[in-house]
Amino acid sequence: MQEKQKTADALLHRINELHTPGERVRIMEVCGTHTVSIFREGLRQLLPAGIELVSGPGCPVCVTDQVYMDKALEYAKRDDVIIATFGDMLKVPGSYSSLSEAQTQGAHIHIIYTPLEVLELSKQNPDKHIVFLAIGFETTIAVIGATVKAVAQADVKNVFFLVSHKLVPPALRALLDRHIGQIDGFILPGHVSVIIGEKPYGFLPNEYKIPSCIAGFDGVEILSAIVNILEQRQSGQFKVGNTYHSVVMKEGNPVAVRVMNEVYDVCDDTWRGIGVIPSSGLTLNEAYSFLDAEKVLPIQLEKPSMDPKGCQCGSVLQGLIKPNECPLFGKACTPDHAVGACMVSVEGSCAAWYKYGFSS
Ligand code: SF4
């Protein structure tokens with residue numbers, strides 16, 4: 001413990017050396033798990049004034065848009081459908097309701113912990129259609145892709161996937177294109193990078209001349225990434241830094257990437273509050289389209305989808321405002337009564353700010 005404290009002190013000393021007093025440096029931690037760690041370890045307060053850590057779009061639940069939730073809710077209305085989902089999707093608001101509200105009204109909603117549970121669920125419910133809510137970033141995509149293959153191989157006839165996977169690198173490109181000069185560096189997500197490696201972030205140094213660093217999740221690992229980013233800024237030599245070597249290989253996990261490529265095609269996708277980002281989503285490819293819920297069990301939305309009134313999730317997810325700058329934060333919107341998705345997930349920026357008492 002003492003050793004770790006010494007390392008943290010040395011890293012903070014180095015950060016102070018690298019930072020020019022008065023200079024504003026905005027570093028985005030892309031991943032929601034980093035956001036939570038930064039709060040838990042109190043890192044914001046330790047950094048010199050001027051170095052600002054800004055939360056990004058890396059919480060999968062938070063970026064799942066209303067239209068997707070409205071479709072899930074439409075399926076939930078059907079008596080012949082069981083929705084299989086991770087638990088943190090229950091409270092995500094659709095335009096008019098949430099899955100947890102639907103559940104109290106009798107919808108068949110089954111919480112799963114691993115995607116492969118859908119095989120058992122299908123066996124237990126041969127007379128129902130199982131619609132699995134397939135959301136998440138690259139980390140989850142590989143696991144769900146393996147489940148898609150398992151369902152196809154097992155020749156199961158009643159499991160379908162409602163897919164809204166999101167890809168991290170295109171989102172970072174969109175942030176830089178839309179908000180030029182707002183972000184000075186990226187702390188890149190550790191878990192996603194385990195799958196995709198360093199290469200897909202190459203456009204950050206090569207095209208945008210912006211420093212970035214893949215980081216682990218404890219305080220020392222995050223501070224190391226900040227040092228790496230500031231050193232790149234100082235030297236003007238930009239690269240994809242990686243201070244999480246023990247886990248993230250340069251080439252990522254080729255087996256997981258192969259599964260993703262076998263099962264999905266890249267498509268444009270809508271991010272909550274942000275809108276459409278080119279090539280930022282995945283859809284089941286031709287070979288697996290027979291498992292696509294929307295193709296096999298088409299639905300129609302009864303009412304148009306709409307953003308929750310007053311919710312600023314889009315601005316929060318792009319680092320344009322801090323959660324407490326949303327007028328609803330801590331008033332109309334709390335974890336018990338979430339108006340927007342960023343207040344739902346434990347990895348959502350608004351939920352993290354609320355939990356750690358940053359109300360003003
Ligand atoms: Fe949306 Fe609530 Fe966050 Fe405001 S505080 S941006 S309403 S989730």
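Trainee: What makes the shell around the ligand 12 nonpolar, 2 polar and no charged?

Mentor: The classes decide it: Ala, Val, Leu, Ile, Met, Phe, Trp, Tyr, Cys and Pro count as nonpolar, Asp, Glu, Lys and Arg as charged, and the others, Gly among them, as polar. Sorted that way, the shell residues give 12 nonpolar, 2 polar and no charged. Keep in mind that this is a predicted model, where local features need pLDDT of at least 70, side-chain atom pairs count only at pLDDT 80 or more, and totals for chains, interfaces and linings use all residues. Residues are numbered from 1 along each chain as its sequence is written.

Trainee: Which of the 14 residues around the ligand come nearest?

Mentor: Those are C311, C326, C333, G340 and C350. A residue is near a molecule if its C-beta atom, placed from the backbone, lies within 6 Å of it.

Trainee: Why does K149 count as buried, exposed or partly exposed?

Mentor: Buried needs 20 or more other C-beta atoms within 10 Å of the residue's own, exposed 12 or fewer, and partly exposed lies in between, with C-beta atoms placed from the backbone. K149 has 16 C-beta neighbours inside 10 Å, so K149 counts as partly exposed.

Trainee: What is K149 in contact with, leaving aside its neighbours within four places in sequence?

Mentor: K149 is in contact (C-beta atoms, placed from the backbone, within 7 Å) with V259 and V263.

Trainee: How many residues of domain 1 are in contact with domain 2?

Mentor: The bounds, 1-310 for domain 1 and 313-355 for domain 2, come from an automatic or database domain assignment. Across them, 28 residues of domain 1 are in contact with 20 residues of domain 2.

Notes:
Two residues are in contact if their C-beta atoms, placed from the backbone, lie within 7 Å.
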